[in-house]
Amino acid sequence: MKNKVILIVIFIIVVALAIVGFIFLKNTEDETKHLEDKMITASNDYFKKYISANDSVNVYKITLQDLQNANKNGESYDLSGLEKCDKNKTFANVTIDYKDGTAKKTQVELKC
């Protein structure tokens, strides 16, 4: 009888830890996605305003430092939450569409 009670308590603790771990990982994943979305939005706008699509390059690298410099020069990109990220290793690769010169795809690399 005592062994069954101990096993049930251990099972409940393991299940509780699994649930807490899942919630923690889910929140971390959501926060990362939120920061990536901020970088994508700011990088695509930066690309439209500051980069010429007439170059022969098909992927442009826009760093967090580029976006922060643009903010210092009058832009208002929402970069909150990215303060702890490395300014040169956090970047977005913007792939262009050669037909119209617009951003086709943006891939973000966060180093926070």
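## A tour of rings and a nonpolar patch

Start by selecting Y50, which is partly exposed, with a relative accessible area of 41%. Keep in mind that you are looking at a predicted model.

Now add Y46 to your selection. Y46 and Y50 form a tilted aromatic pair, with 4.9 Å from centre to centre and 40° between the planes. Those two numbers are worth reading off together, because a pair of aromatic rings is described by the distance of the centres and the angle of the planes. Look along the backbone too: Y46 and Y50 are four residues apart in helix α1, so about one helical turn separates them. Is Y46 buried or exposed? Its relative accessibility is 14%, so Y46 counts as buried.

The structure holds two aromatic pairs, so let's visit F47 and Y60 next. This pair is also tilted: the centres lie 5.4 Å apart, and the planes make an angle of 50°. F47 belongs to helix α1 and Y60 to strand β1 (residues 59-63), so the pair ties together parts that are 13 residues apart in sequence. Colour both by accessibility and you will find F47 buried at 2% relative accessible area, and Y60 buried at 8%.

Next, select K61 and F91. K61 lies over the face of F91, 4.4 Å from the ring centre.

For the last stop, go back to helix α1, which covers residues 2-50 and includes I19. Show the surface and select I8, F11, I12, V15, I19, F22 and I23: they form a nonpolar patch with about 710 Å² of accessible area together. Within this patch, I19 counts as partly exposed because its relative accessibility is 48%.

Conventions:
Residues are numbered from 1 along each chain as its sequence is written. This is a predicted model: local features need pLDDT of at least 70, side-chain atom pairs count only at pLDDT 80 or more; totals for chains, interfaces and linings use all residues. Side-chain values use heavy atoms; hydrogens and water are left out. Patches are made of residues with over 30% relative accessible area and no salt bridge: like charges are joined within 9 Å, nonpolar side chains (Val, Leu, Ile, Met, Phe, Trp, Tyr) within 5 Å. Accessible areas come from the Shrake-Rupley method with a 1.4 Å probe; for residues, only the protein chains shown count as cover. A salt bridge is a side-chain nitrogen of Lys or Arg within 4 Å of a carboxyl oxygen of Asp or Glu. Helices (H or I, at least four residues) and strands (E, at least two) are DSSP runs, numbered from the N terminus. Buried means under 20% relative accessible area, exposed over 50%, partly exposed in between (1.4 Å probe, protein chains only). Rings of Phe, Tyr and Trp (its six-membered ring) pair if their centres lie within 6.5 Å; planes under 30 degrees apart count as stacked, over 60 as edge-to-face and the rest as tilted. A charge sits over a ring if NZ of Lys or CZ of Arg is within 6 Å of the ring centre and within 35 degrees of the ring normal.
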